[in-house]
Amino acid sequence: MQAKLTLDTQFHVGEIDPRIFGGFLEHLGRAVYEGVYDPGNPLSDANGYRTDVLAALQKMRMPLMRYPGGNFVSNYDWTDGIGPREQRPRRPEFAWKSVETNAFGTDEFMHWCKAAQTAPMMAVNLGTRGSAEAGALLEYCNLPTGTYWADRRAQNGHPEPYAVKTWCLGNEMDGPWQAGHVPAEEYAMRADQAAKLMRGLDDSIELVACGSSARGLATYLSYDRITLEYCWDSVHYVSAHRYSNNHRGDSAWFLAEGVEIERIIEDYAGLFDYVRGLKRSEKRVYLSFDEWNVWYKNTHGNGKWKEAPALCEEVYNLEDALVVAQYLNAFIRRADVVKIACIAQIVNVIAPLLTRREGLLVQSTYYPFQLMAEHTRGKSLRTQLESPLYMAGDRGETPVLDVSASLAQDGALAVFVVNRSQTDAVTLDIHLTDVRASAVLGLDILCGDDPKAANSWETPDLLTPKPALATLTDSGGITLTLPPLAFAALRAQTQLR
Ligand code: AHR
């Protein structure tokens, strides 16, 4: 099969926000405990942080880390997690039916973020708590000493404010499963009140309002619209969540997920334009896609009142990795709409990394994320793609390839391609109209014959990207061949013609 991609550096959708490569750490299962924090383990440092997890995360270059939930946050009292450890209460945790020891809390998270080379994105509880508690947490994190909560931070050993910039106003408040779930009209008021109080204390912060947890919910987009119409002036982002599944066991259909992901982003672009018009506003609101991933094989979420139970420990295969790449391709292509995105989650719980006491397993989904986070720089180029089509079940005819491209100021080009075909290799000719490729800097391909193949503790390197060759064409373009079921990360140097 043949395909053609035409790129012109003058045709772009603007700068890509590196925060689309964000992560998410929730007090859920073995994510915090045993995942990032495992005191006494020989693999942990003096703070109890798993050093193998830190090293793997650093390579993922996540500029932002959402915390502490998720559903967890909607019944969380953040004051439980500060101060001397031995005085912190053990609590029954509503969302995941587990015991929360509170051994890891806000101060530990801030400290761990430094070690992981990331920045905190904090969520406040707008389920069972409200604007006063949110304001107190902001005071604890961001205000200089001299007032009650800021002084408590100093007493806990942290005189300098943490300067947390990005804050989520609750989590999935549209979801009936959420502690304190309310209709949009009620949530909008809660969010607006919290926003006004929080920005009244620190007007440098940016706020994310809850939007829709899933496209399948009856309130999809209307929850967002009602919230945004009420909170337009107080918030900067609306949050969208999506978890992809292949419940039907139809890989052709599943591999077309990128089409659906892009449609969601388009829905939000339309919504933002609509409310902006309604308000006759100059302001722009952007999308924070702050939970996304594949999740359907292990949805076991009842911890039976244990500490750090093994919950939602999804095993990822090749087709999942190709869907993960399509999420990131869509975020890059719509860099004009998506400014923040957080893979849910980072370790043990629906995560690219799995731990056991004596080691770390890197799953298939790690690799496209790592390669794309490493090589995406600068502007998102418009992709003019001529691709063969295939039948993706009831999703209909779908391009065999899914692509995105970025161009840095120094001329470094990155092109990311997924070949959805399970049977056919595709040769892709990349035509560059106003620049020419002077060198191929690298090409890595993750691929395999079996969409269900997965890394395991016994075969940890079954799926890893391998270097491959791409060739420069006489006309200044690049040609590469993708095997079936493949993700490719191509880097090239370009020069003006
Ligand atoms: O990421 C797991 C859970 O999925 C989160 O707690 C919640 O926000 C979502 O429903």
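Which residue forms a salt bridge with Arg-395? Hello everyone, let's keep that in mind while we look around. What you see here is a predicted model, and I'd like to walk you through the place where its two domains meet.

First, the layout. Domain 1 is built from residues 2-9 together with 380-496, while domain 2 covers 17-376. Their C-alpha centres sit 30 Å apart.

Now to the interface itself. On the domain 1 side, 41 residues are in contact, and they meet 43 residues of domain 2. Between them the two domains bury about 3300 Å², and 63% of that is on carbon and sulfur atoms. Three residues deserve a mention here: Arg-395, Trp-457 and Phe-487 supply 23% of the area that domain 1 buries against domain 2, more than any other three residues.

You may have spotted Arg-395 in that trio, so back to my opening question. The partner is Glu-257, and the closest N and O atoms of this salt bridge are 2.6 Å apart. In total, four salt bridges are found across the interface of the two domains. There are also 18 residue pairs in polar contact across it, counting pairs with both residues at pLDDT 80 or more.

Which strands help make up the domain 1 side? Strands S17 (389-391), S19 (401-407), S20 (412-419), S22 (435-447) and S26 (486-496) each supply at least two residues to it. S19 gives the most, with five residues. As for character, the residues on this side of domain 1 divide into 21 nonpolar, 12 polar and eight charged.

Thanks for listening!

Conventions. Residues are numbered from 1 along each chain as its sequence is written. This is a predicted model: local features need pLDDT of at least 70, side-chain atom pairs count only at pLDDT 80 or more; totals for chains, interfaces and linings use all residues. Side-chain values use heavy atoms; hydrogens and water are left out. Domain bounds come from an automatic or database domain assignment. Contact means heavy atoms within 4.5 Å. Buried area is the accessible area (1.4 Å probe) that two parts lose on being put together, summed over both. A salt bridge is a side-chain nitrogen of Lys or Arg within 4 Å of a carboxyl oxygen of Asp or Glu. A polar contact is a pair of N or O atoms within 3.5 Å; within protein, one must be able to donate a hydrogen and the other to accept it, and residues adjacent in sequence count only if both atoms are side-chain atoms. Helices (H or I, at least four residues) and strands (E, at least two) are DSSP runs, numbered from the N terminus. Ala, Val, Leu, Ile, Met, Phe, Trp, Tyr, Cys and Pro count as nonpolar, Asp, Glu, Lys and Arg as charged, and the others, Gly among them, as polar.
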